[in-house]
Amino acid sequence: MTINDFNSQSKENAFKEVFNCCGSTSWANHVVSKRPFLTVEELKLVSDQIWKNSSIENILEAFTHHPKIGDKKSVEKKFTSTSNWASNEQSGVDKAENSILEELAKRNLEYENKFGFIFIVCATGKTAEEMLKLLNKRLPNSIDEEIRIAAGEQNKITHLRIDKLFI
């Protein structure tokens, strides 16, 4: 799709496209309302500004649109509209040993119990071991610090998905 194709889509179709990039209803509605964009880079700049001003509720909503790191069944079932993207983003877990995957699952649960949302990391290019190290490093954080970090990771994911949308 080109940026012109995106600009000329119906509001509903444009919403679906960007909502797959970031699962915040408010964010997606705001992005769509800012059309037309001259370039994909302009769309990303507007996206960044909207994301920066998002409420905690909108940020947490976006987090619910991600599978847990390493949870392949969840990717296939619950996230069918973005399963190809999520699978590719998490491809670093494909070759991981079972012990690493088990530890990821254990730590994911610990993280979710502590913070109330799943561990969000821009997994593209990272091995399962690297993601586990990041998860362990972030577990001691305060909830405010963790929401800020996770929101930054969500923004990285959004950028990658916007790029995929316009390939």
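Me: Which rings get linked into a cluster here?
Reply: Phe63, Tyr111, Phe115, Phe117 and Phe119, through ring pairs (Phe, Tyr or Trp rings, using Trp's six-membered one, with centres within 6.5 Å; planes under 30 degrees apart are stacked, over 60 edge-to-face, the rest tilted). This is a predicted model, where local features need pLDDT of at least 70 and side-chain atom pairs 80 or more, while totals for chains, interfaces and linings use all residues. Numbering runs from 1 along each chain as its sequence is written, and side-chain values use heavy atoms, without hydrogens or water.

Me: How many aromatic pairs in the whole structure?
Reply: 8. Among them, Phe6 and Phe37 are stacked, 6.4 Å centre to centre with 25° between the planes. Phe6 is in helix α1 (residues 3-8) and Phe37 in the α3-α4 loop, so the pair ties together parts 31 residues apart in sequence. Helices here are DSSP runs of H or I, at least four residues, numbered from the N terminus.

Me: Are Phe6 and Phe37 buried or exposed?
Reply: Both are buried (under 20% relative accessible area with a 1.4 Å probe, protein chains only; exposed is over 50%, partly exposed in between).

Me: OK, back to the cluster. What about Phe63 and Phe117?
Reply: That pair is tilted, at 5.1 Å and 45°. Phe63 sits in α5 (residues 56-63) and Phe117 in the loop between α8 (98-115) and α9 (128-138), 54 residues apart. Phe63 and Phe117 are both buried.

Me: And what sits over the Phe6 ring?
Reply: The charged end of Arg35, 5.7 Å from the ring centre (the rule is Lys NZ or Arg CZ within 6 Å of the centre and within 35 degrees of the ring normal).

Technical notes: Helix = DSSP H or I, 4+ residues; strand = E, 2+ residues; numbered from the N terminus.
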